[in-house]
Amino acid sequence: MVRVIMLSPPGGGKGTHGKWLTRQTGAAHISSGDLLRAEVARGSDLGRRVAAYTARGDLVPDDLIFSILMPVLVAAARDTGGYVLDGFPRTMPQALRAAELGLELSLTADAAIYLTAPVEELTSRLLDRAGRDGREDDTLGVIRHRLAVFARETAPLVDYYRGRGILLELSTDRPEAEVQADLRDWLQARGLMPSGAGGVGAAPGTSPNGAAEDRGPAAR
Ligand code: ADP
């Protein structure tokens, strides 16, 4: 079973292609953003603390992230044997702590998929999504801030995973089917996806976030 980290700037496609991978492999799709938005929607004290960061496009502090995410990750990995992590880790401290916990729990990632697109394309995808999903952080000012936060905090993870020999970098500035064909070939060459998977009609995956499966053209 595959254990994958999806890395991309906002609008890069980690949600879209992460959900596709989940449908192909049956590994749990775990979106840190969806988990955080669910906590905010619940209106809990924790949700109010989270919203103060997400509304501005700032990163939520690591201790909050770990307390919300780790129980879900461990349960999902136990239930499905794998995971597709969408939006976590997102800082070097998160990546290093995740690697330690991965070793302790025998949940080490097999692959990190880095999805890229030009900034204008990322921005226009997010503005387009704003019209459909109404996410409060999809306004131009907050989008620009999230892109800057990505460049400062998350981009260093690309070299970290390249150094571990598990990085695949793909442009998503092309049809989704082409991106998915490259993803499938790379994973299959490493024995991380059964050959035969990746075609039309493969089994649907699970979503422990309880989020609706979004099969539209939206890319995160
Ligand atoms: P995007 O990649 O489009 O910004 P996400 O849904 O992944 O969307 O994240 C939305 C927001 O949730 C982020 O701007 C940040 O505030 C918060 N967030 C998500 N994942 C993390 C994380 N691993 N660490 C800190 N904050 C996070």
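The largest pocket holds about 570 Å³ of space, in a model that is predicted, where local features need pLDDT of at least 70, side-chain atom pairs count only at pLDDT 80 or more, and totals for chains, interfaces and linings use all residues. Residues are numbered from 1 along each chain as its sequence is written, and side-chain values use heavy atoms, with hydrogens and water left out.

## The largest pocket

What counts as a pocket here? On a 1 Å grid over the protein atoms alone, a pocket is an open set of points with protein on both sides within 12 Å along at least five of seven lines, and its lining residues have an atom within 4 Å of a point. Grid points are joined across faces, edges and corners, and a volume is the space filled by probe spheres set on the points.

The largest pocket has 32 lining residues, and Arg37, Thr54, Arg90, Arg135 and Asp137 are the ones nearest its centre. Two elements, α2 (32-42) and α7, give two or more residues to this lining, with α2 giving the most, 5 residues. (Helices are DSSP runs of H or I with at least four residues, strands are runs of E with at least two, and both are numbered from the N terminus.) Sorted by class, the pocket lining has 11 nonpolar, 10 polar and 11 charged residues. For that sorting, Ala, Val, Leu, Ile, Met, Phe, Trp, Tyr, Cys and Pro are nonpolar, Asp, Glu, Lys and Arg are charged, and the others, Gly among them, are polar.

## Charged pairs

Arg135 and Asp137 turn up again here. They form a salt bridge, with the closest N and O atoms 2.9 Å apart; the term means a side-chain nitrogen of Lys or Arg within 4 Å of a carboxyl oxygen of Asp or Glu. Both Arg135 and Asp137 are buried, where buried means under 20% relative accessible area, exposed over 50%, and partly exposed in between (1.4 Å probe, protein chains only).

Asp137 also pairs with Arg146. Arg146 is buried, with a relative accessible area of 10%, and Asp137 is buried with a relative accessible area of 10% too. Salt bridges that share partners tie Arg129, Arg135, Asp137, Asp138 and Arg146 into one network.

Elsewhere, Glu121 bridges to Arg125. Both sit in helix α6 (residues 119-133), 4 residues apart, about one turn of the helix. Glu121 or Arg125: which is buried and which partly exposed? Glu121 is partly exposed at 26% relative accessible area, whereas Arg125 counts as buried at 14%.

Here are these three pairs side by side; a search of the whole structure finds 18 salt bridges.

| Salt bridge | Closest N and O atoms |
|---|---|
| Glu121 and Arg125 | 2.8 Å |
| Arg135 and Asp137 | 2.9 Å |
| Asp137 and Arg146 | 3.7 Å |

## Enclosed spaces

Rolling a probe the size of a water molecule over the atoms shows where empty space is left. A cavity is a set of points where a 1.4 Å probe fits but cannot get out. How many cavities of 30 Å³ or more are there? The count comes to 2.

The largest cavity has about 160 Å³ of space. Its lining is made of 17 residues, with Tyr83, Ala98, Ala99, Gly102 and Leu107 nearest the centre. At least two lining residues come from each of α4 (62-80), β3 (83-86) and α5 (92-104), and α5 has the largest share with 5 residues. By class, this lining splits into 14 nonpolar, 2 polar and 1 charged residues.

The second largest cavity has a volume of about 50 Å³. Among its lining residues are Met6, Lys14, Phe88, Arg90 and Thr154, and β1 (3-7) and α7 (140-154) each supply at least two. This lining has 5 nonpolar, 3 polar and 2 charged residues.

## The chain as a whole

The chain has 9 helices and 6 strands, and buried residues make up 49% of its 220 residues. Of the contacts between residues at least 6 apart in sequence, 76% join residues at least 24 apart, a contact being heavy atoms within 4.5 Å.

One residue of helix α7 is Gly141, which is exposed, with a relative accessible area of 52%. The C-alpha atoms of Gly141 and Gly57 are separated by 9.3 Å, with their places 84 residues apart along the chain.

As for confidence, pLDDT is the predictor's score for each residue, from 0 to 100. The chain averages 90, and 89% of the residues score at least 70. Over residues 200-220, pLDDT stays under 50.
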